Amino acid sequence: RKDSGGTITFIAKVEAKDLLRKPNVKWFKGKWMDLASKAGKHLQLKESFERHTKIHTFEMHIIQAKENFAGNYRCEVSYKDKFDSCSFDLEVTGKIPLVGDGQDDAGELDFSGLLKRREIKQQEEEPEVDVWELLKNANPSEYEKIAFQYGITDLRGMLKRLKRMRREVKKSAAFAKGLDPAYQVDKGGKVRFMVELADPTVELKWYKNGQEIRPSAKYIFEHKGNQRILFINNCTMTDDARYYVTAGDEKCSTELFVRDPPILVTKGLEDTNTYVGERVELSCEVSEDDANVKWFKNGVELTNEPKSRYRIKVEGKKHTLIIEEAAKNDSATYSVMTTGGQSEAKLSVDLRPLKISLALEDQTVRLGQEIHLKCEISENVQGKWYKNGQLVEAGDRVKLYHKGRIHRFIIASSAVDDEGEYMFVPDAYNINIPCKVHVVDPPRLHLDGLGDDNTVTVVAGSKLRLEIPITGEPTPKVMWSKGDKWITDSGRIRAETYPDSSCLVIDTAEREDSGPFRITLKNEAGEDTALINIKVVDVPDPPQAPNVTEVGEDWCVMTWEPPANDGGSPILGYFIERKKKQSSRWMRLNFELCKETTFEPKKMIEGVAYEVRVFAVNAIGISKPSMPSKAFVPLAVTSPPTLLAVDGVTDTSVTMKWRPPDHIGAAGLDGYVIEYCFEGSNSQKWSDTTGAVSDEWIVANPELTDKMKFTINGLPTGSKILVRVKAVNAAGASEPRYHPQPILVKEVIEPPKIRLPRHLKQTYTRRVGETVNLVIPFQGKPRAKVSWKKNGAPVDKNQINIRNTENDTIIFIRKAERSHSGKYDMKVKVENLEDKATIDIQIVDRPGPPEVVMIEDVWGENVNLSWKPPKDDGNAAITGYTIQKADKKSMEWFTVVEHYHRTSATINELVIGNEYYFRIFAENMCGLSEDATMTKESALIAKDGKVYKYPVYEDFDFSERPLFTQPLVNTFAIAGYNATLNCSVRGNPKPKITWMKNKVIIMNDPRYRMFSNQGVCTLEIRKPSPYDGGTYTCRAINELGEAEVDCKLEVKGKSFKSLQIHCFSEYHQSRSQKYERQMQRKVQKTLLKISQEKIIAWLG
């Protein structure tokens, strides 16, 4: 909304982050009027673009707004196939005289004035408009607009013909000039078709929709030279068709469009004033019957839909817009538009003066009675009811009725909340009709939550706050009493009164507070009273300290007595807690009440001291804990020992062995008790389940033994005994483990037997310096004796360590020597029985060299050698010989034969003219001998015939000035990735290499690395930037001259395809390295070739 004469600005912002160019924006008034052509004094269009945020801003400024500028406006934005729009309404208040002819300024927005001027201009001669050209060049979204503006009735058929006429027409040989694609003529007008023939003798025929046209008063044919003309007079809508002309086999076609004349507004709309609820009719007359007319309200088109408030009636040339019951919001500017004119008028809808025929009356009602409010006004309008300023809606309790001019408000059953000030406000009128409603109610106590006997139980020592809901209107007076004593609003026991309740408060309840309390309510409507019983209860006393009667591995059994005082409420059960003696944290053992006075705690840690205590529980709560019990420790005996077996028997003793128990427990294991009894004694008893047991077992060890082996001594020879073993800890002795059979006390002789390991049954070989550690088990009882001999003589214990046990013997040599080799004899003897075994130990080393190497014969390119085996074979068989030769000049040795087994050999393919020495190594399983035996004389391979005299040669000069064999190549690099430049140079003496950038020598710059290998020169530029681009030069200098080569390097910046560039850089580096290796090989080949050529030339 804007006052007339002011300036209005509309701003549209378009985000253009994803747009490549500026979007198209159009401003419209109404449905079709483009405002771009109206820019001027009163209308300005601006646009701007903010590069930082990439947002286009489009502004429309309306300057000195006038009342006729009001209406609906629309902004449309499009970009390629994307489209969006936004509509808004402009309302201008105040009246400004309308502009008459609209010629003062091109930017005037008096659109109604412009449209009215069209009615005047319709009488003048308008320029001819070609609808065909308009449709052919228009956007498809504007077809409907053009059809309405130029009176096109069959738009769909016209578009079909338009599509057909757009097809490409082939060039004709018969027609020098054909028909135009389409022609346009007004209804009743005359049209002229003309073609020009290439051959005037050709017969010509005209057709309309496939039917040949014959000359008549309507169709006139005319010939002018090569031109053939068809005139159609007095065109009607039936002449709107397709026409074509034939010349022989050729055809030329066109379309004729017949346009209705524009519809004029002959009688315009008139301004109308009316009241709300009245019927309104806005009428106008046009120049044709049943013409297409559009209605608008403030520029927005109105449609004749069934649910619309607006109804359009057409009677011949008269068109009427009907509003059955006008409303306040129907006040607007209404306009009618035809193809040739427009008219508008203003409709003003006002309210009728309102009179109150029957006002609301104040009421006083009892609670639960009906509230009925009624009023009557002079107009039949809707209204709203308010209570205390709040809107009241109709519901289940509240019924609102409106019949004609009477309005009623009914509540069937009143409540206290219904009291207040009520008001009826008619819609669209600034008046109200008030009244007051007063609701009264006798006092009443609400004791539903207290039970049948109105008893309230409170725990002693706690605070009681008993809230009793009360009702009554007006608010009743509340009084509390106990016996003859009234309760005031202060003290430990006090009464607190609130508008809807009363509270009895006891800060710290005591047992003496128990008894009946009376509450009394009084107001002007009546009285109510009631008795409330207060019962003060307490938690029970704590029980006595519990007693632990039995202790197990991880459990115990505890009992206790009930408390002396249950607190006025029966004992419901008990809670039990325990803790470690050294801890202060108690742990609850049962989460469900224990009904008995005995309990069995479980899952305790064996060997840890615990204490337990008990809580008594009644309906009020939990008592204080009892005193803790005496500390106790859960302990358990171990399981029986395992694997009890006889380890040895003599004539007077029995040795037993066993393994520890499977389960020992937290009490640990203090030791073992071994008991025995004699078989056949009167005290022996047998059990089918546990084996032999006896009441008179003899303890073999008065003191506990911690070993798992024990010998029972002092037994009579030939007797049989039964043996058992118990494990003992702090909890006591475990169950005994019995030996399953009686044991005979008599020594048993076991023949000696040596169990020689398999690898000692063959020769045992070790190298000098290695360790020898041999374990040989044996068996034999009693008291087996072991003896050792080496090569028939006793073993020297200073060199060889021997240790014997009851079951095995060990021979140990810390550092073996060859003198330790030999046959070792072992003998195990038990009384008169014995067993023997022999072990062959061989300590080996590398052999010595052959004794003598002689040259037996020399012939041609061959030399025959012979030698004697070495004196020292290293205590191992010689496995072969290795023969080497050396030229007398260089004395560099080369292997000729390896692993040779004989003591003579022939060496072949020796070089004629050379003189050779030979040497031979001996080899065994430890390797080659440290030294070799060389021939004392040399063998000369002489050439048969004349003795060759070696020529004397002068030294050849290999000096050469620097020459680049591979130049630098122009290249480019990517910023941030290393780049390399490569070239190759030769020269003698070796030239000095210098690199330059733009003719400036590169020195001590860490960004550059320079390499030179086998003539290949490399310059590496680390992570170059565009600044590193330029001309790079490589200069080679020696004492014979210098040479230069250069190239250009271009450094490109990074692009968004960083991954591809990185891959290319790696590929370029790999190609550079490969190129460098190829250049090195090429230079080496070139130098070798040059050297060979110079040597050949020098020799020649």
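**Exercise 1. Find the residue in β6 that E50 stands opposite.**

Solution. E50 stands opposite I55, a residue of β6. Keep in mind that this is a predicted model. Now widen the view to the strands. β6 covers residues 55–62 and runs antiparallel to β5. Eight bridges join these two strands.

**Exercise 2. Work out the strand order of the open sheet that holds β6, and name its edge strands.**

Solution. Step one: count the strands. The open sheet has three. Step two: set them in order, which gives β2-β6-β5. The pairing is antiparallel. In general, strands of a sheet pair through backbone hydrogen bonds, either parallel or antiparallel. Step three: look for strands that pair on one side only. These are β2 (8–15) and β5 (43–50), the edge strands. Step four: add the twist, which averages 15° from one strand to the next.

**Exercise 3. Decide which stretches call for caution, using pLDDT.**

Solution. Start with the whole protein chain. Its pLDDT averages 83, and 87% of the residues score at least 70. Next, pick out residues 682–694, where the pLDDT is below 50. Beyond near neighbours in sequence, this stretch has 21 contacts in the model. Then take residues 1056–1067, again with a pLDDT below 50. That stretch has eight contacts beyond near neighbours in sequence. Where pLDDT is low, the predicted coordinates should not be read in detail.

**Exercise 4. Describe the second largest pocket: its space, its lining and the classes of its residues.**

Solution. First, the space: about 590 Å³ lies in this pocket. Second, the lining: 21 residues line the second largest pocket. The closest to its centre are D647, G648, K781, P782 and E806. Third, the elements: β51 (642–649) and β64 (772–781) each give two or more residues to the lining. Fourth, the classes: six lining residues are nonpolar, eight are polar and seven are charged.

**Exercise 5. Examine the backbone at N298 and at the bond from N988 to P989.**

Solution. Begin with the general rule. Most residues other than glycine have a negative phi, and most peptide bonds are trans. Now check N298. Its phi is positive, about 55°, although N298 is not a glycine. N298 lies in the loop between β22 (294–297) and β23 (300–302). Turn to the second site. The peptide bond from N988 to P989 is cis, with omega near 0°. P989 is in a loop too. That loop runs between β82 (979–988) and β83 (992–997).

Key. Residues numbered from 1 in each chain as written. Predicted model: local features only at pLDDT ≥ 70, side-chain atom pairs only at ≥ 80, totals over all residues. Heavy atoms only, no water. Pairing = 2+ DSSP bridges. Helix = DSSP H or I, 4+ residues; strand = E, 2+ residues; numbered from the N terminus. Axes fitted to C-alpha atoms, helices over the stretch in contact; angles between N-to-C directions. pLDDT = per-residue confidence, 0-100. Contact = heavy atoms within 4.5 Å. 1 Å grid on protein atoms, 1.4 Å probe; cavity = no way out; pocket = protein on both sides within 12 Å on 5 of 7 lines; lining within 4 Å. Points joined across faces, edges and corners; volume = space filled by probe spheres on them. Nonpolar A, V, L, I, M, F, W, Y, C, P; charged D, E, K, R; others polar.
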